[in-house]
Amino acid sequence: MRIAVIGHVRFPIARPFMGGMESHCWHLCRGLRARGHHVTLFAAGDSDWGGPVVPILPEHYDRSFPWHRWNGTPELNAHLDGGFAAILPKLVQGRFDVIHNNALHRFPPRFARRDRLAMVTSLHVPPFDVLQRAVVDSGAPWARFTVCSGSQLSAWWPTGRRETASVVPNGIDPMCWPFQPEGNGEAVWIGRITRTKGPHLAVEAARRAGIALTLYGTIEDSGYFDTRLRPLLGGDIRYGGHLVGKALARAVGKASVLVFTPLWDEPFGLAAIEAMSCGLPVAATDMGAAREVIGEAGRFAPPDPDALAGAIQEACAIPRTCARARVAANFTHDRMLDGYEAQYSLARAGLPSNLPLPDFPPHALPPANGAQDLAAEPAPQKSHA
């Protein structure tokens, strides 16, 4: 199939990955190509997955419009609206068999519904008002949605009407996160260094549990790192930098337990299955999809350092083979791709057979200045995305 993949544009779809969404999209493109599909990525212009890229923006927006300062502002909204409006005719002209939309913008799903293009939109975040309205309005047999956990499905469709929505869990290549039979007695934390990911809670809990902890990840919020996290470092609590690829897998695999501390309703938790693949049991805050994903390979606690310290101590007793087996059974890259290919087939089968591709007249485009969208939506509000 000829597949267009639309990526999130806050960061480039390129190594080193800034977060789970970038990693997911990069591996998705490469995995689909390995299965014989012809893949074109629509994303920030500085993306690099090893194949063709059509820029939505010249470069990722966090460089010029840092999220923590500009999210929800008219300036950033107009910047994004202009970029997404410009790619809509390109999606038609490319005559793709299916479009896999991983962006958090409201134009693509509305566009697919209106102009009858086979599209699967993967929702990687909890619902926020503008995108949720677009999702509710845009479902059709040819315009489908996926979420990565059952808890996320309930959050997006609380009324239970989910005819065009399915759960496709995220997946990884276990070969990239090799199993290590023994740990070194220490804890590890991996993720973006930002308040909602809770690294400060991991530090406080590790100190109470009497276990050494190393944190790995990109510093997304430097103010938070300098004022909240840096003062906690020292002794057995270390920041190991932003490792990638094999270096990160080796560092994680040496540890005995992952401390996983989302302080928001994390839809999945890619870091958890990466560590579990290496054999690490998990001590996690009981939020979002953590319990659903980690299951018997973890112990759970409210976002309280004393309770989480107890979960760390209990998790260390879980056999490492349990964590690896859960990933192998449920969260491999191949299982994820199988799920997406099934959704592509459903979207294509749902297209009305007697409708030609739209010629996309100029008047059908939303204005590039972001004044209104395909259904006169107001500007997006703040989200955790």
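The following dialogue examines a sheet, a helix and a cavity in a predicted model.

Visitor: What makes β11 and β12 count as paired strands?

Guide: Pairing requires at least two bridges between the strands. Three bridges join β11, residues 257-260, to β12, residues 282-285, so the two strands pair. One residue with a partner in β12 is Phe260, bridged to Ala284. The two strands run parallel.

Visitor: Why are β10 and β13 called edge strands?

Guide: The open sheet has six strands in the order β10-β9-β8-β11-β12-β13, with parallel pairing. Strands β10 (237-239) and β13 (298-301) each pair on one side only. From one strand to the next, the twist averages 20°.

Visitor: How do you know which way helix α11 runs with respect to β11?

Guide: Helix α11, residues 270-277, lies across β8 (187-190), β11 and β12, and runs at about 175° to β11. Angles are taken between N-to-C directions and run from 0 to 180 degrees, so a value of about 175° means that α11 and β11 point in nearly opposite directions.

Visitor: What makes the lining of the second largest cavity three nonpolar, five polar and one charged by class?

Guide: The lining residues are Gly7, His8, Ile13, Met21, Glu22, His24, Cys25, Asn102 and His124. Ile, Met and Cys count as nonpolar and Glu as charged, while the others, Gly among them, count as polar. Therefore Ile13, Met21 and Cys25 are the nonpolar residues and Glu22 is the charged one.

Visitor: What is the volume of the second largest cavity?

Guide: Its volume is about 40 Å³. The structure holds two cavities of 30 Å³ or more.

Notes
Residues are numbered from 1 along each chain as its sequence is written. This is a predicted model: local features need pLDDT of at least 70, side-chain atom pairs count only at pLDDT 80 or more; totals for chains, interfaces and linings use all residues. Side-chain values use heavy atoms; hydrogens and water are left out. Helices (H or I, at least four residues) and strands (E, at least two) are DSSP runs, numbered from the N terminus. Contact means heavy atoms within 4.5 Å. On a 1 Å grid over the protein atoms alone, a cavity is a set of points where a 1.4 Å probe fits but cannot get out, and a pocket is an open set with protein on both sides within 12 Å along at least five of seven lines; lining residues have an atom within 4 Å of a point. Grid points are joined across faces, edges and corners, and a volume is the space filled by probe spheres set on the points.
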